[in-house]
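Okay, thanks for coming, everyone. I'll put the structure up and then walk you through a handful of spots in it.

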2 protein chains.
Amino acid sequence: MAVYTEVDDEALGAFLHLYDIGEAVAFKGVAEGVENSNYLLETTQARFILTLYEKRVNPDDLPFFMGVMDTLSDAGFPSPQPVKAKDGSILQTLNDRPAAIVTFLKGMSPRRPDVDQCRQIGAAMARMHKALSASKLSRPNDLSLPAWPALFEGREETANSLAPNLAALIAGDLERLQDQWPDPAQLPQGVIHADLFPDNAFFLGEHFSGVIDYYFACHDMLAYDVAIALNAWCFEARGEFNMTKGKALMAGYDGERAFTEAELKALPALIHGAAMRFFLTRLVDWTDTPADALVRPKNPVEYAEKLGFHRMAHSVTDYGYDGAVTGV
Amino acid sequence: MAVYTEVDDEALGAFLHLYDIGEAVAFKGVAEGVENSNYLLETTQARFILTLYEKRVNPDDLPFFMGVMDTLSDAGFPSPQPVKAKDGSILQTLNDRPAAIVTFLKGMSPRRPDVDQCRQIGAAMARMHKALSASKLSRPNDLSLPAWPALFEGREETANSLAPNLAALIAGDLERLQDQWPDPAQLPQGVIHADLFPDNAFFLGEHFSGVIDYYFACHDMLAYDVAIALNAWCFEARGEFNMTKGKALMAGYDGERAFTEAELKALPALIHGAAMRFFLTRLVDWTDTPADALVRPKNPVEYAEKLGFHRMAHSVTDYGYDGAVTGV
């Protein structure tokens, strides 16, 4: 929700000389994305998004993220497409930051996705996974199970200040997740989005129109991406899971790529773990964001409430799945 | 540089039902304007800016600001045009804020205006003044001479923390300005922009393409608008006035609407006063902006340096004007 690095007309003009996309006719910083500086760039030819990557993004990961977007666009999956400079390169430097231009994608993000949008995003995610299945791109998920204990360490008091006894509950969750976490080798893996929240999905009218923001994409179990989306799309307020939405999202996915039996068994732990990942990173941001930061951290309590639901769930049917599998 | 009020897809969809401008296909908060929340709105018909007016704008002033933009657009001066709702109204309420939709204007703001851009903005300002000359719209300038002592009161220490002895210099300036301030009745008056900084001017390639952000517009001496622009467009770093730019800006204006002799005599005091107005409001923001605000205040020192130049200047020729008038 901020522009960290200002780009003036002179810097932009010089930068655009690297490209064959015409002259700038409009240029506006957009309050979108909490990690990077994004500008909406209109040229005499078309509209684009210019992104300057700020310090939270590892420059070494950028070729991977760009490759994911490029692969998806080439496969016809609606995603911003990186624009090549005259010399064929995708990544440049602008105002001392890594920078790239991608195509502009139309669409609106739903604030309160309805059941049909959950179904559509499930189906879109499966198509995205299939489009990326032949990819040789690789990046480990550095925010998965092994990372969580260190994220929690030293933040027990903050957790307890958010909700009574929360630190002990989280410690219990972490133990249970260590026990129940599936063996990745037993599940289909590939490149996942890993942050497919409604903010990052576009619809035009009632119809899915695209996915943006691939800056957490990584290689992991495909079902873990579904688990993240179930957390992000299917909860109502106060940690109430909407089983109709859960069923729709999973059915949408299943219709494009059928879940394996191992995935269905693993999903409750993956969903629980996905909530843990977002709870912990929000807890870290909550603790570490300076009071004068341009971005307000998201309250971790939303995910603490979701963890409360997952503690009680034991089978994928508790999330609305009504296939033949009977649970763990 | 911020979006204060979030507008989600549902609120926007309901809001657009008031209008006949199609359905939304893209909607992005733009990091532009420090006073209000601005969104770039693309519909199936065209592009627009949706603004939600935040607490620093007096809702009673909004019909005036909208009227100014409407008058200018009707006169063919490139300005955002307020879009009428189906019921003919221009101002609505959205998320408890006054809100309006205006047309989108292409163009880029120059960060370091060159001499020709100074000439063009001078000419554009004169055309703007002429386009507004028949207007019956009225709003007093509440940030002019009478307001300044109260803005400075109690901020002497802050001033001295910015530069040695600054408080005494400002007090001296305020006295001198009280003495030298022209009698408004002796000068051409009308509706002025009152904030025509390069940020608020657009160029397409080399050519002036429009003016935005009329939220300080008011009724005052026309030459005071020129005085504000000379401060905003014609200084280099460290309070160095660029006389070539000053000459170009005044010549551009003069070519469209000739300065009166009284205006040329009054300009040094008006230029000095315009710098005082921006110094003081920045000083207030510097003192009063909470550390956790979404907007960082602008440093008042830039205008303290400009005041230093104006203290030494005595005639409009000191600003580059080379007409026949010999000064005060």
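One cut-off before we start: I call a residue buried if 20 or more other C-beta atoms lie within 10 Å of its own. And keep in mind that this is a predicted model.

So let's use that cut-off right away on B:Ile49. B:Ile49 is buried, because its count is 21 other C-beta atoms within 10 Å. You'll find B:Ile49 in strand 3 of chain B, which covers residues 47-52. Which residues does B:Ile49 contact, if we leave aside its neighbours within four places in sequence? The list is B:Asn38, B:Leu40, B:Leu41, B:Pro80, B:Val102 and B:Phe104. There's also a C-alpha distance to mention: B:Ile49 and B:Val83 are 34 residues apart along the chain, and their C-alpha atoms are separated by 9.9 Å.

Staying in chain B, go past strand 3 to the loop between strand 3 and helix 2, and you get to B:Asp60. Buried or exposed, this B:Asp60? Exposed, because there are 9 other C-beta atoms within 10 Å, and the cut-off for exposed is 12 or fewer. B:Asp60 also sits 34 Å from B:Leu264, C-alpha to C-alpha, with their positions 204 residues apart in sequence.

Now for some backbone angles. B:Asp213 isn't a glycine, but its phi is positive, at about 65°. B:Asp213 belongs to the loop between strand 8 (207-211) and strand 9 (218-221) of chain B. It's a buried residue, because 24 other C-beta atoms lie within 10 Å.

B:Arg238 is another non-glycine with a positive phi, about 55° here. Its loop is the one between helix 7 and helix 8 of chain B. B:Arg238 is exposed, because its count is 11 other C-beta atoms within 10 Å.

That loop leads us on to helix 8 of chain B, residues 243-256. Quick sanity check on the geometry: 14 residues at 1.5 Å a residue should span 20 Å, and the end C-alpha atoms are 20 Å apart, so that agrees. The buried residues of this helix are B:Lys245, B:Gly246, B:Lys247, B:Ala248, B:Leu249, B:Met250, B:Gly252 and B:Tyr253. What do they pack against? Helix 3 (115-131) and helix 7 (222-233) of chain B.

Let's switch to chain A and look at helix 7 and helix 8 there. Two packed helices are described by the angle between their axes and the distance between the axes. For helix 7 (residues 222-233) and helix 8 (residues 243-256) of chain A, the axes come within 10 Å and cross at roughly 150°. The crossing of helix 7 and helix 8 of chain A is right-handed. On the helix 7 side, the contact is made by A:Val226, A:Ala229, A:Leu230 and A:Trp233, and helix 8 brings A:Lys245, A:Gly246, A:Leu249, A:Met250 and A:Tyr253. Sorted by class, that's seven nonpolar, one polar and one charged.

Next, helix 3 of chain A. Its 17 residues should span 24 Å at 1.5 Å a residue, and the end C-alpha atoms are 24 Å apart, so again that agrees. This helix is largely enclosed by the rest of the structure, because 14 of its 17 residues are buried.

Helix 3 is also one of the partners of helix 2 in chain A: the buried residues of helix 2 pack against strand 5 (97-103), helix 3 (115-131) and strand 6 (189-192). Those buried residues are A:Phe65, A:Gly67, A:Val68, A:Met69, A:Thr71 and A:Leu72. Just after helix 2 comes A:Gly76, with a positive phi of about 85°.

Zooming out, the domain assignment splits chain A into domain 1 (9-103) and domain 2 (115-319). Their centres, taken over C-alpha atoms, are separated by 27 Å. Domain 1 puts 17 residues into the contact, and domain 2 puts in 17. On the domain 1 side, those are eleven nonpolar, four polar and two charged residues.

Last stop, A:Met108, in the loop between strand 5 and helix 3 of chain A. A:Met108 is buried, because 23 other C-beta atoms are within 10 Å. Apart from neighbours within four places in sequence, its contacts are A:Phe202, A:Phe203, B:Asp9, B:Ala24 and B:Phe27. That's it from me.

How values were computed: Residues numbered from 1 in each chain as written. Chains lettered and ligands numbered in written order. Predicted model: local features only at pLDDT ≥ 70, side-chain atom pairs only at ≥ 80, totals over all residues. Axes fitted to C-alpha atoms, helices over the stretch in contact; angles between N-to-C directions. Helix = DSSP H or I, 4+ residues; strand = E, 2+ residues; numbered from the N terminus. Left-handed = near helix turned anticlockwise from the far one by under 90°. Contact = placed C-beta atoms within 7 Å. Nonpolar A, V, L, I, M, F, W, Y, C, P; charged D, E, K, R; others polar. Domains from an automatic or database assignment. Expected span 1.5 Å × (residues − 1).
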